[in-house]
Amino acid sequence: MTLLLTLPALLLLALVFAVPLLRYGWLSFHADSVITGLQPVPNGGANWLRLIEDERFWQDTVQTLRFAGLSVALELLVGLALALLLHHSWRGRTALRTITLLPWALPTAVMALGWRWIFNDPYGPINALVQALGLPALPFLSSPASTWLVVVLADVWKTTPFVALLLLAGLQSIPTDLYEAFALEGGTPAQALRRITLPLLLPYAFLAVLFRLAQALGVFDLVQILTGGGPAGSTETLALYSYLSAMRFLDFGYSATVMLGMFVLLLGLTAVLLLGRRWLAGGRA
Amino acid sequence: MSGVQRPQGLVLEGLERRVGSNLVLDGLNLSVAPGECLALLGPSGCGKTTTLRLIAGLDQPSAGRIRLDGDDITRQPPSRREVGMVFQSYALYPHLTVERNLSLGMELRGLPRERIAAQISSVLELLQLEPQRRRRPAELSGGQRQRVALARALVRQPRLFLLDEPMSNLDAQLREDLRAELRLLLCGGPQPVVYVTHDQQEAMGLADRIAVLHQGRLQQIGSPRELYDQPANLFVAGFIGRPRINVLPAEAGCIRAVRPEHLEPLAEGGLPARVLLREWQGASQLLQLETPHGRWRMVCDGRVELAESFGLGWPPARELRFEAGSGRRLH
């Protein structure tokens, strides 16, 4: 009976998740490119061997992790500050709530175009400002060393509201009398933040990190439109590499392999996170 | 230094609280001596919890003063009042063990580790919570949680105990057991105790004196016995004593009332009454009677066999008289 009732959901999951995954798995053991006339030809583990020796793959892995790590960390910090601000009642809170949510409501492609214009060298408003101060225009989008930070900034701007919203829900689930009891025992508001708010917010923060990390590790549209992976591949991510392999180089077998490599990476990170949470929960018991 | 003796205990002087245009508490005066247990009793919305929150410093009064052992604490922040409070919801920290729930306050105040450990152990033992010391609130029963809340108030050795309906979330049997425990633990110590409840039985069982509040005003303050025997007005007479007092219609500016336990069946004459319902309670029985003045309640010995209809009488000395307009008791 239980099986019967969960069958529709299971079927749907199988259709949208298991089937593509299995198909990718199958494809990653085939050559399927222009050379094979776009027909899948089994090639053993050649794709996987190539992946392990592919410097571009490893460079993109580092760049993807660097992007995801920094943006999720910043989103968590800024999101927490925003959530705390929105939790306490003050004049203008409703207005701020609306403004805060706007970036989240905007399509990524639109906002990526916006940022590309803002940081345009030399015509964007930021460089106009820089030049008005008498400084030379800065290569925001053409410096291999620092352009990835602009991508981080755009991502933080867009997705912080999501983190703030999750954390706000968490804040509102904490009963006020805990703070009253704490104040009666001599605790200051700063101590309450550390001793009550943050520990009780931890499960919500975990959820936010899990969601955001999964999204950030698979980031595609933002990078594609803002920088196209450049300059010199310095902002290319794994998802973009997989897309290019398939759509520009027409190497579908290898594209599937890159995608699966990313999947394994994500799986490993999630496992570490979940284990970390269990360890933390155990440590507090 | 000076020879003047400072007044001990808690004193409220003309305490008032307005929320918008709403007068929640209207000029409350009362005092609680060291070691005395005062119950604030009244229906919901009467201002009893407001009073408690003002004493704790969680809300600010619009007017009036609060003194503790002679010090004016009206404007002091809650953290400096040294108050041990038990919340209706218990307000236990869900992420901390029983032990850490108790120690957190003392850690904040920077007490030495050994002293914290010693104090916690003695309180846990006193409240028989030793086996639960490493559990978290979610793993405790309702009664255990209540005792942890109590322990947390006790362990800080406060100058004053405040309890906000601490037993309203417990079942009847547990409530009875804890009532005795609470009385032994809190009352008779050096601190004044203020206990908020809407349960008159609880108030009568626990308190040395009861303050009855209604619509933000103090109706009467006195020992449980005074409140029962000499209620200041019709409201107190109706609120104290279960089952409720029976009230006769106003006659020449006077309302007479008789408690159910003072009614007796007469051989002849009296107020005609017909039995509607009979609730047998072991030693006693509770009767719902239909009389010319509406539904009356009567309590008598459980073994008495009564007819379906009989005449009701009562000793004139047991009758209470109230002024028709104001509801004040007439002497």
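This passage describes a predicted model of two protein chains, A and B. Chain A is treated before the contact between the chains, and selected features of chain B follow.

The secondary structure of chain A consists of twelve helices and two strands. Along the sequence these elements follow the pattern α-β-β-α-α-α-α-α-α-α-α-α-α-α, in which the two strands come directly after the opening helix. The C-alpha trace of chain A spans about 75 × 70 × 35 Å along its principal axes. Of the 285 residues in chain A, 39% count as buried. When the contacts in chain A with a separation of 6 or more are considered, 66% are accounted for by residues 24 or more positions apart.

The contact between the two chains draws on 18 residues from chain A and 24 residues from chain B. Together the chains bury about 1,900 Å², and 58% of this area lies on carbon and sulfur atoms. On the side of chain A, the residues A:L184, A:E185 and A:R195 supply 40% of the area buried against chain B, more than any other three residues.

Polar and charged groups also meet across the interface. Nine residue pairs are found in polar contact between chain A and chain B, with both residues of each pair at pLDDT 80 or more. The elements of chain A that give two or more residues to the side touching chain B are α8 (176-184), α9 (189-217) and α12 (252-284). Of these, α8(A) gives the most, with seven residues. Sorted by class, the side of chain A that touches chain B has ten nonpolar, three polar and five charged residues. The count of salt bridges between the chains is two. In one salt bridge, the side chain of A:E180 meets that of B:R53, with an N to O distance of 2.7 Å. By its number, A:E180 falls within the range of α8 (176-184) of chain A.

In chain B, four strands form an open sheet in the order β2-β1-β4-β5, with antiparallel pairing. The edges of this sheet are β2 (22-32) and β5 (71-72); each has a single partner strand, so one side of each is left without a neighbour in the sheet. Within the sheet, strand β1 (residues 10-19) pairs with strand β4 (residues 63-68) in the antiparallel sense over five bridges. One of the residues in this pairing is B:L10, whose bridge partner in β4(B) is B:L68. In a regular strand, side chains alternate between the two faces of the sheet.

A further antiparallel pair in chain B joins strand β9 (residues 209-214) to strand β10 (residues 217-222) over five bridges. In this pair, B:I210 stands opposite B:G222 in β10(B). The two strands β9(B) and β10(B) form a hairpin with two residues between them, and B:Q215 in the turn has a positive phi of about 50°.

The residue B:N233 is placed in the loop between α7 (224-229) and α8 (234-239) of chain B. B:N233 counts as buried because its relative accessibility is 12%, which is under the 20% cut-off. A polar atom of the side chain of B:N233 lies 2.9 Å from the backbone nitrogen of B:V236. When neighbours within four places in sequence are left aside, B:N233 is in contact with B:Q219, B:F322, B:G327, B:R328 and B:R329. Among these residues, B:Q219 falls by its number within the range of strand β10 (residues 217-222) of chain B.

Notes: Residues are numbered from 1 along each chain as its sequence is written. Chains are lettered from A and ligands numbered from 1 in the order in which they are written. Side-chain values use heavy atoms; hydrogens and water are left out. Contact means heavy atoms within 4.5 Å. Buried area is the accessible area (1.4 Å probe) that two parts lose on being put together, summed over both. A salt bridge is a side-chain nitrogen of Lys or Arg within 4 Å of a carboxyl oxygen of Asp or Glu. A polar contact is a pair of N or O atoms within 3.5 Å; within protein, one must be able to donate a hydrogen and the other to accept it, and residues adjacent in sequence count only if both atoms are side-chain atoms. Ala, Val, Leu, Ile, Met, Phe, Trp, Tyr, Cys and Pro count as nonpolar, Asp, Glu, Lys and Arg as charged, and the others, Gly among them, as polar. Buried means under 20% relative accessible area, exposed over 50%, partly exposed in between (1.4 Å probe, protein chains only). Two strands pair if DSSP finds at least two bridges between them.
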